[in-house]
Amino acid sequence: MTEGQIFGINGPVVKVKGSDAFEMQEMVYVGGEELIGEVIGVTSDTTIVQVYEETTGLKIGETVKGTGAPLSITLAPGILSGIFDGIERPLVDIRNLSGAFIARGVKVSHLDERKKWDVNITAKAGDVVSGGDIIASTQETSLIEHKIMVPPNVSGTIDWAATSGSYNITEVIAKVRTAEDAVIDITMKQEWPIKTARPYIKRQMLKKPLVTGQRIIDTMFPLAKCGAAAVPGGFGT
């Protein structure tokens with residue numbers, strides 16, 4: 001694990017010395033409370049880290065630990081029915097742990113890994129699959145069917161598939177044997193780097209309006225089903 005020491009703090013930006021092994025966009029833990037940060041600059045002797053939590057109280061000399069992986073989110077059933085902050089920390093779980101205000105360094109799973117979902121598994125042994133192929137589905141909400149897909153970087157033949165039933169997002173529901181004869185476990189969750197676009201074959205045209213029932217939105221800011229919208233606010237709100 002890569003480690004360095006803080007030698008400069010300016011608001012949410014921290015300068016780190018002591019290692020040249022940090023990588024751009026690497027997720028790091030900053031200080032004794034292990035605040036979540038991301039490497040945004042690297043030179044021969046200095047690493048610049050953006051901290052995504054309150055830095056009040058951080059001190060010169062505290063340790064910054066690298067994770068060796070980019071800042072990522074978890075994609076799985078539960079994401080469409082949850083409420084999260086900007087780095088996918090579930091706000092309801094955080095409130096239950098620390099109250100109405102987000103405590104520094106709080107550690108919670110992005111999604112509930114214990115909840116069981118009723119999963120309809122459509123893949124079977126012998127099927128040839130590649131990234132994006134649908135192998136299962138679960139009814140996440142009364143309106144949304146969450147389709148479980150093969151990860152984008154995986155292709156091969158289904159070596160084994162579970163039967164339809166109740167599973168949590170960490171349980172293996174299929175195994176794929178690749179052309180290199182490696183066997184890859186497939187679960188309902190995928191870890192995906194925040195700043196890496198998901199691959200796609202073709203974008204579907206948006207044809208249906210999303211009727212919210214709010215006249216100001218439907219008239220002045222119409223949205224399309226499967227489209228995207230954002231409500232800007234202050235940083236951290």
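Is Arg177 buried, partly exposed or exposed, and what is its relative accessibility? I will come to that residue in a moment, but I should say at the outset that we are looking at a predicted model, and that I will speak mostly about charged side chains before turning to a nonpolar part of the surface.

As general background, side chains that carry opposite charges can pair when their charged atoms come close. In this structure there are 13 salt bridges, and I would like to take you through a few of them.

Let me begin with the pair that contains Arg177, which forms a salt bridge with Asp159, where the closest N and O atoms are 3.1 Å apart. Asp159 belongs to strand E12, residues 156-161, while Arg177 belongs to strand E14, residues 174-177, so this pair ties together parts that are 18 residues apart in sequence. To answer the opening question, Arg177 counts as partly exposed, because its relative accessibility is 30%, and its partner Asp159 is also partly exposed, at 37%.

Staying with strand E14, we come to Lys175, whose side chain meets that of Asp185 in a salt bridge with an N to O distance of 2.9 Å. This pair links distant parts of the chain, since Lys175 sits in strand E14 and Asp185 in strand E15, residues 183-186, ten residues apart. Lys175 has a relative accessible area of 28% and is therefore partly exposed, and Asp185, at 42% relative accessibility, counts as partly exposed too.

The next pair involves loops, and here Glu33 forms a salt bridge with Arg104, with the closest N and O atoms 2.2 Å apart. Glu33 is in the loop between strand E3 (26-30) and strand E4 (35-42), whereas Arg104 is in the loop between helix H1 (91-98) and strand E8 (117-121), and the two residues are 71 residues apart. Glu33 is partly exposed, with a relative accessible area of 39%, and Arg104 counts as partly exposed at 26% relative accessibility.

Salt bridges can also be joined to one another, and in this model Glu53, Asp85 and Arg89 are linked in a network of them.

Finally, let me leave the charged residues and turn to the nonpolar surface, where Ile216, Ile217, Met220 and Phe221 make a patch of about 420 Å². One of these residues, Ile216, lies in helix H2, residues 215-220, and Ile216 counts as exposed because its relative accessibility is 55%, where exposed means over 50%.

Methods. Residues numbered from 1 in each chain as written. Predicted model: local features only at pLDDT ≥ 70, side-chain atom pairs only at ≥ 80, totals over all residues. Heavy atoms only, no water. Salt bridge = Lys/Arg side-chain N within 4 Å of Asp/Glu carboxyl O. Helix = DSSP H or I, 4+ residues; strand = E, 2+ residues; numbered from the N terminus. Buried < 20%, exposed > 50% of the residue type's maximum accessible area, 1.4 Å probe, protein only. Patch = residues over 30% accessible without salt bridge, like charges linked within 9 Å, V, L, I, M, F, W, Y side chains within 5 Å. Areas by Shrake-Rupley, 256 points an atom, 1.4 Å probe, with all protein chains shown as cover.
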